[in-house]
2 protein chains.
Amino acid sequence: VGERLVVIGGDAAGMSAASQARRLRPDLEIVALERGTRTSYSACGIPYLVGGAVHDVESLVARSPRDFRDRFRIDVRLRHEAVAIDLDRRSVEVRDHGHDRTLSVGFDQLMIGTGARPFRPPIPGIDLPTVHGVQTLEDGERLLEAARRARCERVVVVGGGYIGLEMAEAFVERGAEVTLVEGDRQVMRTLDEDMADLVAGAVRKHGIDLRLGVPVTGFEPGTVHTAGGDVAADLVVLGLGVLPNGELAAEAGLATGSRGAIVVNRRQQTAAEGVWAAGDCAESFHLVSQRHLHIALGTVANKQGRVAGVNIGGGYATFPGVVGTAATKVCATEVARTGLTEREAAIDGFRFVTARIDSTTRAGYFPGAGPITVKLVAERETGRLLGGQLVGQEGAAKRVDVLATALSARMTVHDLVDLDLSYAPPFAPVWDPVLVAARKAAAAVDADRR
Amino acid sequence: VGERLVVIGGDAAGMSAASQARRLRPDLEIVALERGTRTSYSACGIPYLVGGAVHDVESLVARSPRDFRDRFRIDVRLRHEAVAIDLDRRSVEVRDHGHDRTLSVGFDQLMIGTGARPFRPPIPGIDLPTVHGVQTLEDGERLLEAARRARCERVVVVGGGYIGLEMAEAFVERGAEVTLVEGDRQVMRTLDEDMADLVAGAVRKHGIDLRLGVPVTGFEPGTVHTAGGDVAADLVVLGLGVLPNGELAAEAGLATGSRGAIVVNRRQQTAAEGVWAAGDCAESFHLVSQRHLHIALGTVANKQGRVAGVNIGGGYATFPGVVGTAATKVCATEVARTGLTEREAAIDGFRFVTARIDSTTRAGYFPGAGPITVKLVAERETGRLLGGQLVGQEGAAKRVDVLATALSARMTVHDLVDLDLSYAPPFAPVWDPVLVAARKAAAAVDADRR
C-alpha cells in the first residue's frame, strides 16, 4: 500500500495543498473530507451573489469535486465531517452524513484546513433562524433564498467590518431597507478612526442607516434589540468577524494560539510529524508586528495551502508571513489597508509619525478622476514604513499593493518618495497619491528628528 | 542685492525646482524664463484634448504664471527664450519675443529645464505644416484646430510608440480614418514583441489601420510616402520619440551624454557649480541596467525637479534613479512596463529566464473581469527580478507599480510569490496575476538551476 494524505476541509487551503501535493507526488493517495457539498469556492463572492452582481452560485466554485477527481485524482468525499483526529493511531474519525454512519480513515500525512466560522457572541436570540452568518456557500444560498422572499424588506446587519459593509450594500442593491448596527464608535476597526469616517460617509450616502456605538442586546423574530432602541428586521446578517475552527486540532492535542487558531511553523507544519495546517484555521505570522495572529482571508489561505502542499509533496517551501493587507469596495468607495494602523502600531510599542493626504485617482483633468485619501504610518527616527490606509474612488484600493511590497522589503518612507511608479493621465496624477503621502511622511519623520 | 536663481524652462522640471527652492529660501530672487506662453502643463494630456475626453486646454495647466507669481513670488517671463548661457559671466542671453529684443540675465544659480522636442528624422517633407509633432500645449492647440477643420478626415500617425498610439486613438475618437505607420515590425519597442502583439491586436480591433514594418520615405501635401505605398493624409502626426533639448547646455560647455541629454549627478547638479538640470533635457540613471540614459516622462521630470529645487534651496536631496516604468491606455487596453524587457536584458548582458501568464483583472466571476497578460524577466541563478510587462483590461497597468517597487528593493521573483497583495473580487482574483507570474518565473529560475 502506498502513502495516504488525508485533507480535512475542501476549500482554499485544503484543496490548494492537495493539488500541490499531487503535482509533486503522482503516487500519493489523496482523500479530501468536506462536510459541505462543495469544494474550492469563493466565500468572498457571497455579497455579490446576494446583491445580484453575480448570478449563479456555481460560478463561485473555482473547482468542483469532479475537477479534483478527474484532473488531480483526489478522492473528494462530500458531507464527510471529521469529528476527531487520533494522532497516535494516525486516523481521522469521520461522520458520513450522507449515509448516516461513522468511519475511520487512516493517514500518513494529514492536512487540516477546517476554516473559520462566523463569530456568534452569546446574545439572546442569536441562534434564531432569521439570524444569518456568512461563511459557506450554503450560507450564501440560504441568504439569497431569504432575501428573495417577499417579506424581506427590512434587513439589519450587525457589525461594520468588511463582511457587514459588503452585505449591507448587497441588500441595498436588492432594494431592501438596510440598517447597520455597530457597537463600536466607528466602522472597520481595521482602519484608524479618521479613515473609517470617510467610509462611514460613503455608506450613509448610499442610503444605509448606519448606527455607530450601538451594541446589540438581543434578537427576536422581527426585531433586533439594541442599546439605542429596537430595529425592525425581517432578516439579520451577522458581520462580527470569524473564529478559527481549531477545536478539532486542539482536541487532538495540537497547540492552538491566537483566538484558538492552530500553531504552525513557517512550513505550515504543526508540532506533530506529518500533520499540517493552513488557512482560516491556522495562525499567520505578521511581518511588521512580529506577532502570530489569526487572519482569515482567502488569499492567505491559498498561499499557505500551496506552501503546505509543496512540503507534503516532499519539496521545501516556507510562508514568509503576512503584512496585514486587506481591501474591499463599499458602494463606490474603495478601501484598503496594510501593515499597522496608528492604533496597532501603538499597541505594538512603535513610536511613529503619520501623514495623510488628499489627491485624485487619475490626473485631475481626466474624466473619472475621483478623490483618494492616503494615510501612512512611519517609525520615528528610522522612517521605516509601518502601514498604510487608502480610501477613495475607483483605482484607490489596489495602490495598497505598493505599500504591501514596501513593507515586505522593509523600506522607509524616504525610499518611497521617488519610486518610479507608473503615470499616465487615465491612471494617476503625475505624482501618484502614494508618493505624495510618502513625501509628507518623510517630511514628518525629518521634522520629528530635529 | 540678494542671490538670484534663473530657471530656463517653465514646465515640470523647471517649475518644480523653482517652487521647491522657494519653500526653502524665502529670500531667493527667482526668475523663470519660458519661451512659450504657459507654465507647468501636462503634455501627456494632449491626446485626450485632441480626442475630446478633455474639453479645455487650460485644464491641462497645473499652475499658471500668475499662480507662480502670486503664491511663490516667482518672476515668470513668458515668450522669453534663453539663447545662450555664459558660465564664466554667470549670465543667460535671452530673446524676448514679446518685445523683439535680446537681454542678459545674470544668475547665481541656474536651473536648466529645457525639456525635449519631437524627433524629426531627415525625411523629405517632414517640415511641412501638415506634419505635427506633439510636445507643447501649443502643439496640442494646433492639432486640435487642424482636427476641427472640415477636411481633416484622413489622419496618418507615424510611429507606434506611446504618443503615436494615443494620438491614433484620439483621432479615431474624433471620427477620423486613421492609419498608423511604423517602420519596425512591432508597435511599442519598449515591450517585447510577444507583448506588443497583444497591443497591436487591440489597436486593429479599434479600427486603426496599423501598418508594421513600413518605413516612411517622404511627405507631400495630402500624401505620406511609405515603403509600402502612398497613404492619403489630411494631417500627419509624428510619434517617433523625442530628443532632449541639451544644445544650450552643450554650447555652454556642459557635458552631455545619452542622445545629447545633459549629464548630472545624483543631486541633479551639472559639472558647473550652482548649475542644475532636470527633466526631459537631462540624463537619468537606470537602477537595473546601471546605465545613464535619456527618459522623457513627466513623472521623472517632476521628481528630478523637486530634487534639484531642494538642493538649490540649500537642502540635501538625491534622485535615486528610475527603473524604466511607463504606462499607457490604448483604446480599452492598458499597457505597462518596468525594468528591462528580454531584449534590453540581453543587451545589458544579463542571463535570464522569462515567464508569461494569462489571468483576469478581477475575480473571474465578477462583472467587468477582463483578460490580463503578465510577463516577467528574472536573472538566472539569482532569481532577481529584472523587469515586467503587462497588457490587459481595466486594472492591468497600475499593477506594474508592485514590480517597480520590487525592482527598487532588488527583490527576487521568489520574494514576490507570497507577497501580501490585496484581494477582493472587484479588484483581483485570489491569486493576483502578478503573483501567478512570479510563481511561474520562480519555477523557471529553479528549473534552470537544476
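**Exercise 1. In chain B of this predicted model, work out how strands β5 and β6 are joined and which way they run.**

Start with the two strands: β5 of chain B covers residues 91-96, and β6 of chain B covers residues 101-106. Next, count the links, and you get six bridges, with the strands running antiparallel. To fix the register, take B:Val94 and look across into β6(B), where its bridge partner turns out to be B:Leu103. Last comes the connection: β5(B) and β6(B) make a hairpin, and four residues sit between them. One to check in that turn is B:Asp100, whose phi is positive at about 50 degrees.

**Exercise 2. Place B:Met167 in its helix and decide whether the residue is buried or exposed.**

First, find the element: B:Met167 belongs to helix α5 of chain B, residues 162-173. Then look at the accessibility. The relative accessible area is 0%, so B:Met167 is buried. Now see who is around, skipping neighbours within four places in sequence: B:Met167 is in contact with B:Pro47, B:Val50, B:Val134, B:Leu143, B:Val157 and B:Val237. As a final step, try B:Arg77, which is 90 residues away along the chain; its C-alpha atom and that of B:Met167 are 31 Å apart.

**Exercise 3. Go through the salt bridges of A:Asp27, A:Glu81 and A:Asp75, naming the partner each time.**

Some background helps here: side chains of opposite charge can pair when their charged atoms come close.

- A:Asp27 pairs with A:Arg25, with 3.0 Å between the closest N and O atoms. A:Arg25 has a relative accessible area of 16%, so this residue counts as buried, the cut-off being under 20%.
- A:Glu81 pairs with A:Arg35 at 3.5 Å, N to O. A:Glu81 sits in strand β4 of chain A (residues 80-86), while A:Arg35 is in the loop between β2 (29-34) and α2 (46-51), so the bridge ties together parts 46 residues apart in sequence. A:Glu81 is partly exposed at 22% relative accessibility, and A:Arg35 is partly exposed too, at 49%.
- A:Asp75 pairs with A:Arg77, the closest N and O atoms lying 3.1 Å apart. Here A:Asp75 is partly exposed at 31%, and A:Arg77 is partly exposed at 23%.

Shared partners also build a network, made up of A:Asp192, A:Asp194, A:Glu342, A:Arg356 and A:Lys375. Over all chains, the count of salt bridges comes to 58.

**Exercise 4. Describe the interface of chain B and chain A: how much area is buried, and how many salt bridges cross it?**

Begin with the contact count: 61 residues of chain B touch 61 residues of chain A. The buried area is about 4900 Å², and carbon and sulfur atoms give 65% of that. On the chain B side, B:Tyr365, B:Asp420 and B:Phe427 lose the most area to chain A, together 16% of what that side buries.

Now for the polar part. Four salt bridges cross the interface. One that you can pull up is B:Arg306 with A:Asp418, where the N to O distance is 3.9 Å. There are also 22 residue pairs in polar contact across the interface, both residues at pLDDT 80 or more.

Then ask which elements take part. In chain B, α8 (298-312), β21 (326-330), α10 (400-408) and α12 (433-449) each supply at least two residues of the side that touches chain A. Sorted by class, that side has 34 nonpolar, 14 polar and 13 charged residues.

Technical notes
Residues numbered from 1 in each chain as written. Chains lettered and ligands numbered in written order. Predicted model: local features only at pLDDT ≥ 70, side-chain atom pairs only at ≥ 80, totals over all residues. Heavy atoms only, no water. Contact = heavy atoms within 4.5 Å. Buried area = accessible area lost by both parts, 1.4 Å probe. Salt bridge = Lys/Arg side-chain N within 4 Å of Asp/Glu carboxyl O. Polar contact = N/O pair within 3.5 Å; in protein donor to acceptor, adjacent residues only side chain to side chain. Nonpolar A, V, L, I, M, F, W, Y, C, P; charged D, E, K, R; others polar. Buried < 20%, exposed > 50% of the residue type's maximum accessible area, 1.4 Å probe, protein only. Pairing = 2+ DSSP bridges.
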